[in-house]
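Colleague: Got a minute to go through this model with me? I'd like to start with a pocket.

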Amino acid sequence: MFGVPRLVIAAPSSGSGKTTVATGLMAAFAGRGLAVSPHKAGPDYIDPGYHALATGRPGRNLDSFMCGPELVAPLFAHGAAGCDLAIVEGVMGLYDGAAGRGELASTAQVAKLLRAPVVLVVDASSQSRSVAALVHGFASFDPQVRLGGVILNKVGSDRHEAMLREALEEAGTPVLGVLRRAPQVSAPSRHLGLVPVAERRADAVASVAALAEQVRAGCDLEALLALARSAPALDCTAWSPERALAGAGAHGRAGAPADGPAPGPGAGRRPVVAVAGGAAFTFSYAEHAELLAAAGAEVVPFDPLRDEQLPERTAGLVIGGGFPEVYAPELSANEPLRKAVADFAAAGGPIAAECAGLLYLARSLDGKPMCGVLDADARMSERLTLGYREAVAVSDSSLAAAGTRLRGHEFHRTVVDPGAGEAPAWGFTHPERRVEGFVRQGVHASYLHTHWAAEPSVARRFTGAAAARP
């Protein structure tokens, strides 16, 4: 049984202030000396960076589409182990989820899987008594979702606050906080949402501190903590990378038998898997590095904006998502590293590249030379590509055996031409049918973001490929 106190911070719609409130609460409670575990419903990479800044712990995602509902509670328990409080920021509106899939991947589903009370953040800037009807609708829509109270955001004045409180008192819904309009604590946005912490760390630290102060002043922290402590214990076993790789129990799938055993810590020198980071490559799930380490790899970060060579003894290379389009001139100017990556690929080195990694491996990005590993060119586009995907591996690669099925998501405003190589990485089966990505020697490059906890065999297979390097 797992009994950490917990809250889910939800809203009627995107733009209501979930990230403001969730990050402010995390920072405020951490400032009181509590160990706070931060979580984000859905696939978003950027919000967890602010959560990590607020709490000093990795921000972790809970995505029931990519990982399956059965892994939500175990992954939550893994992240929240030893903490005094866990706060989960929702995604979109409370009941919004994967298109055409009912409640799947919604904040409401995550709250029910975690048996967690929900705090609804309401943008009250253009309403007064109608707030009671809105909240009543959200509270009664699904009786299994426990709405514990509301935090009113963007309240204009004392009189406005009084009208809102009076209406919600009539509806029997506790008001747990009131936040006034405060543009000075908002984070800047651009084409894919908030600017990541890694790109504005000093300003982000100041913003999070301001959020904490705003929440301390406007929210009833004692009432919120009492609500969190009212969550019943969860009957689940915490996920662990070792158990997932072994396939033991109900919370981890076994690696494909054909992949062979992964090298353990005692099986000789651990292969170095270099993982791209820095301001240009900020998108990653914490469980990926944990699975690689459990599979026997020595995980070493590097920054393609600054480092001119790959880490010493690099035997595998992971280049995840991020914003290379923002840093194309700087990435291109680092010719020594581009050549090192190209040489590593030409020698058959295993490379797993997702989205930003795909762009970096291309011949060019917005006309700037990149690594030239792939016979493809990338450019910015006006069109946002966003959504969940169901995929099957088309070609055998260092990451996945042909036939491996995974769920993932796309999130980009770039186009790669051509969109697939002679040996594609994935075939999408839903919501549309097409092939995508590139498999070439040891390279697996694709726009698809995946969560390896859903199929730990990919970490085993990739580490095995790195270990096999001479």
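Modeller: Sure, terms first: on a 1 Å grid over the protein atoms alone, a pocket is an open set of points where a 1.4 Å probe fits, with protein on both sides within 12 Å along at least five of seven lines. Its volume is the space filled by probe spheres set on the points, joined across faces, edges and corners. This is a predicted model, where local features need pLDDT of at least 70, side-chain atom pairs count only at pLDDT 80 or more, and totals for chains, interfaces and linings use all residues. Residues are numbered from 1 along each chain, and side-chain values use heavy atoms, without hydrogens or water.

Colleague: OK, what volume does the second largest pocket have?

Modeller: About 990 Å³. Its lining (residues with an atom within 4 Å of a point) counts 42 residues, and F281, T282, F283, S284 and Y285 are the closest to its centre.

Colleague: Which element gives the largest share of that lining?

Modeller: α2, with five residues. Strand β10 (272–276) also gives two or more; strands are DSSP runs of E, at least two residues, numbered from the N terminus, and helices are H or I runs of at least four.

Colleague: A276 is in β10. Why does A276 count as buried?

Modeller: Because its relative accessibility is 10%, and buried means under 20% relative accessible area with a 1.4 Å probe, protein chains only. Leaving out residues up to four places away in sequence, A276 touches F281, F302, P304, V318 and I319 (heavy atoms within 4.5 Å).

Colleague: New topic: where is E436?

Modeller: In strand β19, residues 434–436.

Technical notes
Buried means under 20% relative accessible area, exposed over 50%, partly exposed in between (1.4 Å probe, protein chains only).
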